[in-house]
Amino acid sequence: MIVTTNEYVKQFQRYVIGNYGRNPIVLVRGKGSYVWDADGKRYLDMFPGWGVNGLGHCHPRVVKAVQKQVGRLIHVANNYYNKLQGELARTIAKNSFGGQVFFCNSGAEAVEAAIKLARIRGGNKHRIVTMKDSFHGRTNMAIAATAQPKYHKGVLPAAVKSFTYVPYNDIAAVRKAIKSDVCAVMVEPFQGEGGVNIPSPDYLPALRRLCDKHNILLILDEVTTGMGRTGKYFGYQHSKGVTPDIMTMAKALGGGLAIGAIEAKPEVAQYLLPGTHASTFGGNPLACAASLAAFEAIKEEKLLQNARSIGNHMVRRFRAMQKKFPAILDVRGRGALVGVELDRNGADLFKLCMQKGLLINCTHDTVMRFMPAMTISKEIANQGIDVFEKALGEYLNQ
Ligand SMILES: *Cc1c(COP(=O)(O)O)cnc(C)c1O
């Protein structure tokens, strides 16, 4: 029988493919903003599940909904109807732009579906404009859409060539990139992995107008920014009058369970005819039950408001910290998506925080990223920020 962390890690290293840089803790249990490792040590998790656990770990409403559904019906095939899939599609549409939904199981799959739909509608137009420092997932096509060459090892050159990369938050560059073979522009309303980048308020409206003018699609990748993360159900809702033609969702959509989706305006969705696209697991009753419970939690527990007020509070505290530590170059955020940019690499600061019992993320080399559970209290958030401040002080003095 396996007992120690060392033995768990050894087993892993022998039998699990080593495609992740893993940190040497084994997580065994979670509740709210806390997780525990196999040695019983507790961590304050301010980056739960890379954004999947938007409601924190094991939210009671999600746990209950899954427990209820798992003994009734786990999976049925998509050549039949199931009640929960329709109900979830309606819930997504009601909280966004009234479109139609296709379900899959992950962010990259949602991006794949969006790209395919845009290209089918585009006819002989196949090119899609995407943004530098974007992140769209790891399947061959999704990673080709991701305008970060460091991720392109082993990706088909032909796939990469069907995207045009332009700088983020640069409308003139998009205008120039829209040639006769372009069928869509794909963009994150706020970039997460690319360093928590907040575009100017007129960026999305200008993109919308540009796409309308050329009769091409605006695809918004809301895999990270969706499901309340930024203080609205979806990131685009911060931009008045803007709706996407296609929107991707995943990460927090299932309250922790694996689910992905695209929503498209009906006049666009109609191009996905029977036979054009499918997902065996997509929209299964269990994942849909969890996602419906997540929507209910956001509404009943007023979590959008909490994401906004916690996020604003965190930004204020980090900005105050900036006076003490000039190594903090910038503090950026929207709702509960917050980035602290340093003048140096932050990978070891992440490790130091972990040793001190705080889980965060370091992205784009220098940006410390916080995406706490939307359920987090100000008191617990403050505890995390205090640990970060202490760790940063030690880190800078080394
Ligand atoms: C995480 C992410 C993806 C990929 O999602 P997976 O579930 O890992 O495939 C795509 N787009 C954005 C914006 C993401 O943050």
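Here a visitor asks a guide how some descriptions of this predicted model are justified.

Guide: Welcome! In this predicted model, local features need pLDDT of at least 70 and side-chain atom pairs count only at pLDDT 80 or more, while totals for chains, interfaces and linings use all residues. Residues are numbered from 1 along each chain as its sequence is written, and side-chain values use heavy atoms, with hydrogens and water left out.

Visitor: What makes the link between lysine 251 and the ligand a polar contact?

Guide: A polar contact is a pair of N or O atoms within 3.5 Å (within protein, one must be able to donate a hydrogen and the other to accept it, and residues adjacent in sequence count only if both atoms are side-chain atoms). An N or O atom in the side chain of lysine 251 is 2.7 Å from an oxygen atom of the ligand, so the pair qualifies.

Visitor: Why does glycine 107 count too?

Guide: One of its backbone N or O atoms lies 2.8 Å from a ligand oxygen atom, so this pair also meets the definition.

Visitor: How do you know that the shell around the ligand has three charged residues?

Guide: Asp, Glu, Lys and Arg count as charged; Ala, Val, Leu, Ile, Met, Phe, Trp, Tyr, Cys and Pro are nonpolar, and the others, Gly among them, are polar. The residues around the ligand (a heavy atom within 4 Å) include Glu188, Asp221 and Lys251, so these are the three charged ones. The shell also has three nonpolar and five polar residues.
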